[in-house]
Amino acid sequence: MGRNADIFRPAIGLDIRNRTVHATGATRFGGRPDVPDGFSWPSRRGRRGDLHHLCFMAQFDCRMFPALDKSGLLPQTGVLSFFYDMTDQPWGISPEELSGGRVFWFGDETSIHEMEYPDDLDGCQRFPMLGIDASSFVSMPSAEDFFLMFPDQDFSSYAEACSSAGIGSASCGSQLLGWPSVIQDPMPVACELLSNGYAPTVGWKGIPAEVVRKANGQAVYDWQLLFQLDMVESDGFSLMLGDCGMLYYFIRREDLLMRRFDRVVTIVQCC
């Protein structure tokens, strides 16, 4: 079993709480984003041909990462902000849906300020501002990702790897980095295909065999979970995608290190 070091990936667990955080640039879910002058609220043309604004999901004060990011992958200054199209809720099933999620890194936190919502952003997409508590942990791949890495292994090998790490099972809940909580199929191959203009169809219909072979062999090492958002509930507010689903932002490790957040792939999975 090669590349064992990649089995265990450092992650940052996120506990989204009731309290509000109004400080400029503070880590939080919802509310209004803190952005620099000249920032244009992201929008996309939806399934019906209409142009609509994306929903602001969360932002992170990168100054907290040096103490939490054991992998050293995340930026250590500025603010990292996440947006998603809550109108169409694209699942990441075709290249046309790549614009459904956007990530921005504002490297200078001293030059940002709170931005007002666009007038045409639906009220139900103006989420309440909630604080986020963060803590480090070691994540284990789901069985689906494990077998993508080691196709010749069986479930006993997976159980043994979990046991040796003192981890009972793969992680779940909202988090940054680490391994995703897979609900349906492993996502790295889909990310690779989508980024190359192919729709990840059942049986890979219409996709050249060499493209699929390369993706199956390498994508799990190249693609990194950036942000995973689980269901959020607080004081009458509830956010859930699909049936107990999760929202995932993936990025190639190379692009993450180069801060090319415009190359993120967004996927939704649910039960």
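Two strands pair if DSSP finds at least two bridges between them; strands (E, at least two residues) and helices (H or I, at least four) are DSSP runs numbered from the N terminus. The model is predicted: local features need pLDDT of at least 70, side-chain atom pairs count only at pLDDT 80 or more, and totals for chains, interfaces and linings use all residues. Residues are numbered from 1 along each chain as its sequence is written, and side-chain values use heavy atoms, with hydrogens and water left out.

**Exercise 1.** Identify the pairing partners of strand β12 (residues 223-229) and state whether β12 is buried or exposed.

*Solution.*
1. With strand β15 (residues 246-252), β12 forms six bridges in the antiparallel sense. Leucine 229 has leucine 247 of β15 as its bridge partner.
2. With strand β11 (residues 175-177), β12 forms two bridges, again antiparallel. Here glutamine 175 is matched by glutamine 228 of β12.
3. Buried means under 20% relative accessible area, exposed over 50%, and partly exposed in between (1.4 Å probe, protein chains only). Seven of the seven residues of β12 are buried.

**Exercise 2.** Describe the largest nonpolar core and the surroundings of methionine 57.

*Solution.*
1. A nonpolar core is a set of buried Ala, Val, Leu, Ile, Met, Phe, Trp, Tyr and Cys residues joined through side-chain atoms within 4.5 Å. The largest has 37 residues, and Phe29, Met57, Leu226 and Tyr249 have the most contacts inside it.
2. Strand β6 (residues 55-61) supplies the largest share of this core, four residues.
3. Contact means heavy atoms within 4.5 Å. Leaving aside neighbours within four places in sequence, methionine 57 touches residues including Phe29, Phe82, Phe127, Leu229, Leu247 and Tyr249.
4. A second, separate core of 31 residues includes Ala143, Met187, Leu193 and Tyr221.

**Exercise 3.** Determine how helix α4 (residues 188-195) packs against helix α5 (residues 209-222), and how far α4 is enclosed.

*Solution.*
1. Axes are lines fitted to C-alpha atoms, for helices over the stretch in contact, with angles from 0 to 180 degrees between N-to-C directions. Those of α4 and α5 come within 8 Å and cross at roughly 125°.
2. Angles under 35 degrees count as roughly parallel, over 145 as roughly antiparallel, 65 to 115 as roughly perpendicular and the rest as oblique. The two helices are therefore oblique to each other.
3. The contact involves Pro188, Val189, Glu192 and Leu193 of α4, and Val211, Ala215, Asn216, Ala219 and Val220 of α5.
4. Seven of the eight residues of α4 are buried, so α4 is largely enclosed by the rest of the structure.
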